[in-house]
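Work through these exercises with the model in view. Try each task before you read its solution.

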Amino acid sequence: MARQKGIIKVKGTLDDVTFYKSGQDGFLMRMKGGVPAARILSDPAFQRTRENMAEFGRAGKAGKMLRGALRGVLINSKDSRMTSRLTQAMMKVIQADATSDRGLRNVIDGEAELLTGFEFNNNGKLSTTLFAPFTPAIDRVSGELTVDFAPFVPVNMIGAPGGATHFKIVSAGAEVDFEAETYVVQNAASAILPIDATLTAAIAQTNQVTAASTKPLFLVVGIEFYQQVNAQMYPLKNGAFNPLSVVMVSGTATP
């Protein structure tokens, strides 16, 4: 892969060279080539490749399901490479499946708990933004996914980006059925609070999903920043620095 320079940028194919535009890296060029697709799909020599392709496709599909479930909070908190990073994280979950044959490994039999700590926005990570202690919990019996904050002083416990005057705590609990491609989700949010030296009240958020579910459960927590101008609240820089992180996962029900 090489970067195009000069005034005129090209897209298309010339002989064995493909010119294209990447949303992240600009105008690039690369040589055509490689093994024909028909051979990869049929030649026994490429069995491992087909197995890897199947699992990579499964990881991408699982990542899309989780993103869809969390859309209500994710829409304001993500970076441009989040989708590919989540697919890579899902691959690790799938590769942790110790029961299925290679090529058939999946999220259900893998270790969904490996997603704990995943940051949806590398431009504003929860781990380097929120320093107030909180308690996450997943109760499968009741179907409640909760997060509780003791009172804290925002100016001391939140590493806010420049220009932010206010914030709110958000969370979501999601029950995802990766096989049936369905999900149950509930979101919660605090009031919009000033980033000052005033002690907040305790914050308790409950996200309800199906009671006694046997599906993977995900609890995410984040912050949305605002700037107050003439008594109006405006999302800060379209959420570019809003953190959102997976804080707890329960992959399967305890036998």
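**Exercise 1. The whole chain**

How many helices and how many strands does the secondary structure of the protein chain come to?

*Solution.* The model is a predicted one. Start with the count: the chain has 5 helices and 13 strands. Next, take burial. Of the 255 residues, 41% count as buried. Then look at the contacts between residues at least 6 apart in sequence: 67% of them join residues at least 24 apart. Finish with the surface. The chain exposes about 13,700 Å², and carbon and sulfur atoms supply 54% of that area.

**Exercise 2. Helix 2**

Check the span of helix 2 (residues 47-69), then find what covers its buried residues.

*Solution.* Step one is the expected span. Helix 2 has 23 residues, so at 1.5 Å a residue it should span 33 Å. Its end C-alpha atoms are 33 Å apart, which agrees.

Step two is burial. The buried residues of helix 2 are Glu-51, Glu-55, Ala-59, Ala-62, Gly-63, Met-65, Leu-66 and Ala-69. A general rule helps in reading such a list: an α-helix has 3.6 residues a turn, so residues three or four places apart point the same way.

Step three is the cover. It includes helix 3 (71-74) and helix 4 (82-95), along with strand 7 (166-177), strand 8 (182-189) and strand 11 (217-229).

**Exercise 3. Val-73**

Is Val-73 buried or exposed?

*Solution.* Place the residue: Val-73 lies in helix 3. Its relative accessibility is 4%, so Val-73 counts as buried. Now list its contacts, leaving aside neighbours within four places in sequence. They are Val-170, Ser-171, Ala-172, Asn-187, Val-220 and Leu-244. Take Val-220 from that list. Val-73 and Val-220 are 147 residues apart in sequence, and their C-alpha atoms are 8.9 Å apart in space.

**Exercise 4. Strand 10**

Which residues of strand 10 (residues 203-208) point to the buried face?

*Solution.* Recall the general pattern: in a regular strand the side chains alternate between the two faces of the sheet. Strand 10 shows this alternation. Ile-203, Gln-205 and Asn-207 point to one face and are buried. Ala-204, Thr-206 and Gln-208 point to the other face and are not buried.

Now find the partner strand. Strand 6 (residues 144-149) runs antiparallel to strand 10, and 6 bridges join them. For one of these, go to Thr-146: its bridge partner in strand 10 is Thr-206.

**Exercise 5. Strand 11 and its partners**

How many residues of strand 11 are buried, and how many bridges join it to strand 7?

*Solution.* Strand 11 is mostly covered, with 10 of its 13 residues buried. Take its partners in turn.

- Strand 7 pairs with strand 11 in the antiparallel sense over 10 bridges. Ile-169 has Ile-223 in strand 11 as its bridge partner.
- Strand 13 is antiparallel to strand 11, joined by 6 bridges. Leu-217 has Ser-250 in strand 13 as its bridge partner.
- Strand 12 is also antiparallel to strand 11, joined by 4 bridges. Val-229 stands opposite Gln-232 in strand 12.

Look at the turn last. Strand 11 and strand 12 form a hairpin with 2 residues between them. Asn-230 in the turn has a positive phi of about 50°.

**Exercise 6. Positive phi**

Where is Ala-231, and where is Lys-237?

*Solution.* The background is this: most residues other than glycine have a negative phi. Ala-231 has a positive phi of about 70°. Ala-231 is in the loop between strand 11 and strand 12 (232-235). Its relative accessible area is 61%, so Ala-231 is exposed.

Lys-237 has a positive phi near 50°. Lys-237 lies in the loop between strand 12 and strand 13 (244-250). At 51% relative accessible area, Lys-237 is exposed.

**Exercise 7. Aromatic pairs**

How many aromatic pairs are there?

*Solution.* The count comes to 5. Take Phe-149 and Phe-152: the ring centres are 6.1 Å apart and the planes are at 45°, so the pair is tilted. Both Phe-149 and Phe-152 are buried.

Next, Phe-178 and Phe-218 form an edge-to-face pair, 6.2 Å centre to centre with 85° between the planes. This pair links distant parts of the chain, 40 residues apart. Phe-178 is in the loop between strand 7 and strand 8, and Phe-218 is in strand 11. Both are buried.

Methods: Residues numbered from 1 in each chain as written. Predicted model: local features only at pLDDT ≥ 70, side-chain atom pairs only at ≥ 80, totals over all residues. Heavy atoms only, no water. Expected span 1.5 Å × (residues − 1). Buried < 20%, exposed > 50% of the residue type's maximum accessible area, 1.4 Å probe, protein only. Contact = heavy atoms within 4.5 Å. Phe/Tyr/Trp six-rings, centres within 6.5 Å; stacked < 30°, edge-to-face > 60°. Areas by Shrake-Rupley, 256 points an atom, 1.4 Å probe, with all protein chains shown as cover. Pairing = 2+ DSSP bridges.
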